[in-house]
Amino acid sequence: MMPAMDQNLRVPGPTPLPQEVREAQSAPMIDHRGTEFGEMQREITAGLAELIGTRGDVLLLTGSGTGALEAAVVNTLSPRDRVLAVTIGSFGDRFAKIASAFGAHVERFEVPWGEAADPAALEQHLAANAPYRAVLLTHNETSTGVTNPLRELAGVVRNAAGDPLLLVDGISGLGAMPFEMDAWGIDLVVSASQKAWMGSPGIAIAAVGDRAWAANETAGMPRVYWDLAEARKWAEKGQTPWTPAVSVLFGLRVGVRRLLAEGREQTWARHAAIAAAVQAGLEALGLTLVAAPQDRSSTVTAAWLPEGLDWAPFNAAMRAKGLVVAGGQGAWAGRILRFGHMGGVGIDEMCEAVRVMGETLAEHGRQADAPGAVRAMREVFEARQPAPVG
């Protein structure tokens, strides 16, 4: 197995850790009931709130992003509530599965994989059906490399009959793409430390608005570990109800500081420029991208494997050279590859990844101009950079 430091890790998460994050995570342990921990927790949550665009509560939960999805469901809904799950891929399906498991009556607004949800079609569906208690939306679907037009979809939900709650899976989008929780009328959004926030896995993030808190007072689904009201009560004391992943929080604090220093708009622009360059590079290698240009994600790009190319040996050959990308999920396993580009990413490691991929494609009998692809990437990236000031 190759050492982690030799990997060019280009999966949709966990993302590579900046050196200062790794160093922070190796700091000595502290008392999670002490003053130092409380100061750290308050700094992280205040920074996340600024980056997410909310004046509401931001809670840190020890667990995965999927745990945060469960928390979103069980803290706002009751069994037999009518819920609409807008699903465009594997993770939208997961959100729907969680709500169903806890007794909600879930209807699916299913969009073909590889496409984004159409706000007009969603509006028509909502108008033609009885009111829903909540709508579940995925911001960015890493199984297909597609980003939903969340602002427009949120506007449709806000105007729907019955005033449904809007619960958003922002796990792979928050911190990297434009997002305004309060301005867009989002009631609850979740994320996770190992994505654009540049931390290790282990911390789930939940940003909770006023309407979600009101729903929490009557929500009837069972919860203990994922009880957000309990988490808020302890957060007011600078603590968590259960033992937190302290070392992960050391690193997450650094990641949040880096993003605040860079500035939200600059971070969003950097990710968009990197994504456009990666997409140009993969197309220059002869690959066909899954998503239409207007739907492409800024954090992960999905591409179809060339006809007849066996994923397993191709993937093994790339990994032997230190390049780690993700394959497809579910019905798309062995049919696509997924190339992650979120967090502390720059153009150089992206170009190196595409170069290795191009050389490996050529070794597997495909015509692929790796140097040409790298040139195309740099041209696109440079064209997306802001003009010098002064």
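**Note on helix packing, the mixed sheet and selected buried residues**

1. Helix 13 (residues 347-363) packs against helix 14 (residues 370-384) with an axis separation of 8 Å and an angle of about 155 degrees. Helix 13 is therefore roughly antiparallel to helix 14, since angles over 145 degrees fall in that class. The crossing of helix 13 and helix 14 is right-handed. The model is a predicted one, and the points below should be read accordingly.

2. On the helix 13 side, the residues that meet helix 14 are Ile347, Asp348, Met350, Cys351, Val354, Arg355, Gly358 and Glu359. Helix 14 contributes Ala370, Ala373, Val374, Met377, Arg378 and Phe381. By class, the residues of this contact are nine nonpolar, one polar and four charged.

3. Leu285 sits beside this helix pair in terms of its contacts. Leu285 belongs to the loop between helix 11 (264-284) and strand 11. Beyond its neighbours within four places in sequence, Leu285 is in contact with Val354, Met357, Gly358, Leu361, Gln367, Ala368, Asp369, Ala370 and Ala373. Of these contacts, Val354 and Gly358 in helix 13, and Ala370 and Ala373 in helix 14, also appear among the residues through which the two helices meet. Is Leu285 buried or exposed? Leu285 is buried, because its relative accessible area is 3% and the limit for buried is under 20%. As a distance check, the C-alpha atoms of Leu285 and Gly173 are 26 Å apart, with their positions 112 residues apart along the chain.

4. The second helix pair to look at is helix 2 (residues 35-52) and helix 10, whose axes are 9 Å apart at an angle of about 40 degrees. Helix 2 is therefore oblique to helix 10. The two helices cross in the left-handed sense.

5. From helix 2, the residues in this contact are Phe37, Met40, Glu43, Ile44, Gly47, Leu48, Glu50 and Leu51. They meet Val246, Leu249, Phe250, Leu252, Arg253, Val256, Arg257, Leu259 and Leu260 in helix 10. The contact residues comprise 12 nonpolar, one polar and four charged.

6. Val256 is one of the helix 10 residues that meet helix 2, and helix 10 spans residues 246-262. Val256 is buried because its relative accessibility is 3%. With neighbours within four places in sequence left aside, the contacts of Val256 are Ile44, Gly47, Leu48, Leu51 and Trp197. Ile44, Gly47, Leu48 and Leu51 are also listed among the helix 2 residues at the helix contact. Met198 is 58 residues from Val256 in sequence, and their C-alpha atoms are 8.1 Å apart.

7. Which order do the strands of the open sheet follow? The five strands run in the order 1-13-14-12-11, with mixed pairing. Strand 1 (8-10) and strand 11 are the edges, each pairing on one side only.

8. Within that sheet, strand 12 (residues 300-304) has four of its five residues buried. Strand 12 pairs antiparallel with strand 11 (residues 288-289) over two bridges, and antiparallel with strand 14 (residues 336-340) over five bridges. Trp304 takes part on both sides: Thr288 stands opposite Trp304, and Ile336 in strand 14 is the bridge partner of Trp304.

9. Helix 12 (residues 311-320) lies across strand 13 (323-327) and strand 14. The angle of helix 12 to strand 13 is about 155 degrees.

10. Two loop residues remain. Gln194 lies between strand 9 (188-192) and strand 10 (203-208), and Gln194 counts as buried because its relative accessible area is 13%. Its contacts, apart from neighbours within four places in sequence, are Gly13, Pro14, Thr15, Gly199, Ser200 and Pro201.

11. Ala116 is in the loop between strand 4 (105-110) and helix 5 (119-128). Ala116 is buried because its relative accessibility is 13%. Not counting residues up to four places away in sequence, Ala116 touches Ile88, Val111, Val146, Thr147, Asn148, Pro149 and Asp295. Glu307 is 191 residues from Ala116 along the chain, and their C-alpha atoms are separated by 25 Å.

Key. Residues are numbered from 1 along each chain as its sequence is written. This is a predicted model: local features need pLDDT of at least 70, side-chain atom pairs count only at pLDDT 80 or more; totals for chains, interfaces and linings use all residues. Side-chain values use heavy atoms; hydrogens and water are left out. Buried means under 20% relative accessible area, exposed over 50%, partly exposed in between (1.4 Å probe, protein chains only). Contact means heavy atoms within 4.5 Å. Axes are lines fitted to C-alpha atoms, for helices over the stretch in contact, and angles run from 0 to 180 degrees between N-to-C directions. Angles under 35 degrees count as roughly parallel, over 145 as roughly antiparallel, 65 to 115 as roughly perpendicular and the rest as oblique. A crossing is left-handed if the near helix is turned anticlockwise from the far one by less than a right angle, and right-handed if clockwise. Ala, Val, Leu, Ile, Met, Phe, Trp, Tyr, Cys and Pro count as nonpolar, Asp, Glu, Lys and Arg as charged, and the others, Gly among them, as polar. Two strands pair if DSSP finds at least two bridges between them.
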